[in-house]
Amino acid sequence: MIVIPNVGTSSPARIRRFWVKRIQWGLLLGLMVVIYGSHAPLITLTKVDGRVPFNPSSCVVMIELTKLLISLATLVLTGGTSALRAPPHLVLVAPYAVPAILYALNNNLIVVMQAHMDPSSYQVLSNLKIASTALLYSVCLGKRLRAAQWLALGLLMGAGVCHSYSSLDTGYPERAEEGEGPRLHITAWGLFLVLVYCCVSGLAAVYTERVLKSQKLPLSLQNLYLYVFGVAINGLSAFSSVASDKSFLEGYSGAVWLIIAGQAANGLLMSVVLKHGSGITRLFVISCSMLVNALLSWATLGLQLTPLFLLPVSMVALAGYLYYM
C-alpha cells in the first residue's frame, strides 16, 4: 500500500510537498494503467490475417533488453557507476535471478494450460492470482490487512471475474453443440496448472518486492541485476524457438516497437511501485487496466460493450475506496 503521511497542521512547504508527491503517484499509476490497458489492443492491431506476425519470445527479449539498457543509462546519469567497478558479490546478485526464473516458468505454464482448457476459462480463472498475491503478501511480508482491505481485494477479484465473464461468447450454445464453435472446458490437470500459475505469479511479485526493499541499493542498480537475468533466461528460450520458426526480428512493425517501448516503461515503473509502494497497488493497476482495455477496444476495434461492463467498473471503484480510505 502506498502510504502518504497525514499533513495535519504542517507548514505550507510541507503541504506543497505532500500534494506534489500525491500528484506524482497519480500520474505514475495513471500512466501504468494506460500502458497495461493498451497492450492487448496493440497486439490485435499488429495481426495479419488473424495471426501475430512476429515471434512473441523475441519480443519479450527485446522488452527485457530495453529495460536493461535504460537501467544502465539511468545508473550512469545518476553517477552510480562506481558500483560496477568491482564485481558484485554473488550473495548480493543471486536473489535477482529468482524473479526471472519464476516469470519464465509462468510464461511456459500459460502455453501448457491452453491444451487443458479453453482461453475463456483461463481468462476467468486467472483472476485467482489476486487472492494468491494478497495471501502471500500478508504471510511472506508480514503485512496485516484490515477486514475492509480483504473485502476490497475480494471485490477486485470479483470485478475481474465479472469482466472476463462479460466477454465470453455464450450467446450461441447451439453452435457449440453442432461443433461449429469452441466449448467451455477445463480438465482436472488444467485446474491444477491454473492454481500453480496463480501461486507462482503472486510469489514472483511478493519476492521481487521483498528483494527490492531489503537491499539498500539504488533502484537503477537493482533493475540492472534483475534484467541481466531476464535477458539471459528469456534469450535462451527465444533463440531455441527461433531456430525452427521465424527470424528474430521478423514481422516487426511500428506497432510492435510501440509495444516494446510501452512494456519496458511499465516494467520500470512497476519497480518503482514495488520499491516504494506495494504489490497490492500493482493489483489495482492491473484491474483498472482491464477497464481501459475494454474502452480502447471499443474505440479502436469496435468491441460492443454491454451494461454488465458497469458492474466491474463499480466494483473496482468500491474496492479502491475500501482499501485506501
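**Exercise 1.** Classify Ser 71 as buried or exposed, then describe its surroundings.

*Solution.* Ser 71 has 2% relative accessibility, so it counts as buried. The model is predicted. Next, place the residue: Ser 71 sits in helix α2, residues 56-77. Then follow its side chain, which reaches the backbone oxygen of Lys 67 at 2.8 Å. Finally, set aside neighbours within four places in sequence. Ser 71 then contacts Ser 220, Asn 223, Leu 224, Tyr 227 and Leu 268.

**Exercise 2.** Determine which residues join Leu 27 in a nonpolar surface patch.

*Solution.* Start with Leu 27 in helix α1, residues 12-46. Its relative accessible area is 59%, so Leu 27 is exposed. Its patch partners are Ile 15, Trp 19 and Ile 23. Together the four residues have about 410 Å² of accessible area.

**Exercise 3.** Assign the geometry of two aromatic pairs, Trp 189 with Phe 192 and Phe 284 with Tyr 323.

*Solution.* The structure holds eight aromatic pairs. For Trp 189 and Phe 192, the centres are 5.3 Å apart and the planes differ by 25°; the pair is stacked. Both lie in helix α9, three residues apart, so about one helical turn separates them. Trp 189 is partly exposed at 46%. Phe 192 is partly exposed at 44%.

Now take Phe 284 and Tyr 323. Their centres lie 5.6 Å apart with planes at 55°, so this pair is tilted. Phe 284 belongs to helix α12 and Tyr 323 to helix α13, so the pair ties together parts 39 residues apart in sequence. Check burial last: Phe 284 is buried at 7%, and Tyr 323 is buried at 1%.

Methods:
Residues numbered from 1 in each chain as written. Predicted model: local features only at pLDDT ≥ 70, side-chain atom pairs only at ≥ 80, totals over all residues. Heavy atoms only, no water. Helix = DSSP H or I, 4+ residues; strand = E, 2+ residues; numbered from the N terminus. Buried < 20%, exposed > 50% of the residue type's maximum accessible area, 1.4 Å probe, protein only. Polar contact = N/O pair within 3.5 Å; in protein donor to acceptor, adjacent residues only side chain to side chain. Contact = heavy atoms within 4.5 Å. Patch = residues over 30% accessible without salt bridge, like charges linked within 9 Å, V, L, I, M, F, W, Y side chains within 5 Å. Areas by Shrake-Rupley, 256 points an atom, 1.4 Å probe, with all protein chains shown as cover. Salt bridge = Lys/Arg side-chain N within 4 Å of Asp/Glu carboxyl O. Phe/Tyr/Trp six-rings, centres within 6.5 Å; stacked < 30°, edge-to-face > 60°.
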